[in-house]
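Student: I'd like to learn how to read a model like this one. Can we go through it together?

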Amino acid sequence: MNTNFSENQKETNEDSLRNLAIEYENLPHLGFIETLRIIARSWSFVRFFKWRFLIKWTLTLISLLFPVLVLPWTLQIMIDHVVLGIPIGGPSGYQGFPAYMHPILDLMQDMSALEILIWLTASSFLLVIFFGAYSNEQRDTSEADMQQGNDTATQQDNWTHGGFSFSGGISGYYEYKMNSRLTQSVNHLIRAKLFHRIQSLPITTLEDQRIGDAIYRVMYDTPSINQMFYEIINRPTLSTILFIVAMATMVSAFPHVPEVIWCAAAVFPIYILITGPFSSAMRRVQERSRYSGSLTTSTIEEGMDNILAVQSLGGDDKERQRFGEDSKESFKRFRFVTLVEILLANAQLLAGTLVLTIAFWVVVSKVIDGELSPGNYGSLMFYFGWMLGPAVSFATLWIHLQRFVPGMRRVFALMDLPSEEDIGRLNIETIQDSIEMRGAGLVYPDGRRALKEVSFEAKIGEILAFVGPTGSGKTSLAYLIPRYHAATEGEVLIDKINVKDIKIGSLRNQITYVFQETQLFSSTIFQNISFGKPEASQAEVEKVAKISGIHDFIKSLPEGYQTKLGSTSISKLSVGQKQRIAIARGLLRDSKVLILDEPTSALDPETEQYLVHALQAASKDRLVIIIAHRLSTIAKADKVIFLEDGEIQESGSPQELLANKDSLYRRYVDLQTNSD
């Protein structure tokens, strides 16, 4: 029976992974309007960090303006007035220099070439300290990127934790610090919000959500917000400001050579025309790459989660082939991303070559004609070379956004799933009397009916058992009490109050549910048992551990209750040991309702009887609900509710039901006894 379950579960997981691929194929591709909506929603997060963002923006502007406003003209002074020895303020006056440089030239007018050289050297030394070193081919930057691959996943760590500045020196250091803090804060915010949203999803949604896909969204899609955070405002505003400043500088310095001004003005449109067509291609390949990447992550998670089923069914080759196909598809999709980026880079190279060729031809012609000096050639070529950066930045803004919009679309899609609706208004301090159902029914979102016309009442101080064949609705019925599922028909009442009117937090504080599938945390055994009651003492934890029959095993471990249950440690525990820890955890929590789903399925008869007696003692001041098949567990119940096909067929004490020879419960007992 366990083998069949494992095989069915494995087939379900495979269907789930295939559905991820189908989901992508059926998902509408991002259009212009939706892209703008995602961009606006991403930008809305800036309100949480507006001052830090403003400081970062200002420092970035300074680091970009410095080379535009200063470096070309210091180079021009060096060539014309130091190397060639042309006097400052000669026949041409200050022609070829912008107006803001004229006061500095006034100071240098009577200096010799050596004095000018010393002055330039000293000022350059100070500028290097504050802004770093620049040349025509490279610039000093501040960054702290880790080694990464070309794939999306490993690049996310740098997008999440890295910092960057266009300048070095003191200015770059402080900009880098602000950038790093801001980047980590933004990503922490979006990850925390997404994680909280996942936790608040209804249990039906969580059952359908692929764990690997959710992990991929939290870890690898959320860092897209960092890039969009800067791209949305930094690129257009900074590039526009730099363009305006550059044009104003050119007009101020070379009003007599309009060709140079027009050449500078042509930089932006040339880049936009050449690189613009790549935006839609970038968006499409990024969408496909992220979905295929999440499919591979889901395959890994599902395969590891069901490793025992795979090995027991001899499915190693099939699982390896399945992973290989998904990994191959992911690699294929990423190759398309790389191809588009290579084509884009070559288009940018073409645009840059075209701009510099035009600039070289115009400037050299003017130098030969005597309209420009050799120093003007040096400053202008430096100037045009530097201006390629802002031009590329502005022209490729929309393209770069297409790299990150698909990631944020996946994040917001998960955020926008309907959360568990908390429509309650009342807080209950403690359950005093009873739980009652009146004509309760449950229909799942896909239309399957799980429960119909369920009515019963159970009081504090009783042990209630839900019994019935597999698929009869026992767990679904238990889920209605803490509102893991909301009844679609009838009422579920606690102390005569409809559970829909009680706040979820208040309701679940009063109910402890020990699930059939045991979940343990990667912490110590003590912390696992005391999870629902962190303030519990050692004596309290040991007491419930003794009741569940796990105390002796824990004491035999070298570290006892401080033994850490990491993934390796948990795998070494037997199913029964895990179940006993989970039962101890449930018994320790101070709640008026304790629900146990198949609590004795992995316990030996002696431990089972010990636990049954303990539950009898626990039921004196709480309601204990047991979902069970084993008769020895049910025998001590005060009331049995027998379900079949989602309906209550009969109820009463075990003795009353067994006394009725026509009882379905008796027939169920006879079948189980005969099979034993």
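**Reading burial and a sheet**

Tutor: Let's start wide: of the 676 residues in the protein, 50% are buried, meaning under 20% relative accessible area with a 1.4 Å probe and protein chains only, while exposed is over 50% and partly exposed lies in between. This is a predicted model, where local features need pLDDT of at least 70, side-chain atom pairs count only at pLDDT 80 or more, and totals for chains, interfaces and linings use all residues. Residues are numbered from 1 along each chain as its sequence is written, and side-chain values use heavy atoms, leaving out hydrogens and water.

Student: Is Ser619 buried or exposed?

Tutor: Ser619 counts as buried because its relative accessibility is 5%. Ser619 sits in the loop between helix H27 (605–618) and strand E10 (623–627); helices (H or I, at least four residues) and strands (E, at least two) are DSSP runs numbered from the N terminus.

Student: Which residues is Ser619 in contact with, leaving aside neighbours within four places in sequence?

Tutor: Contact means heavy atoms within 4.5 Å. By that rule, Ser619 touches Gly461, Glu462, Ile463 and Val624.

Student: And how do I read the sheet?

Tutor: Strands of a sheet pair through backbone hydrogen bonds, either parallel or antiparallel. Here two strands pair if DSSP finds at least two bridges between them. Six strands make an open, mixed sheet in the order E8-E9-E10-E5-E11-E12. Strand E8 (511–514) and strand E12 (647–652) each have a single partner strand, so one side of each lacks a neighbour in the sheet.

Student: How many bridges join E5 to E10?

Tutor: Four, with strand E5 (residues 463–467) and E10 running parallel. Leu464 stands opposite Ile625 in E10.
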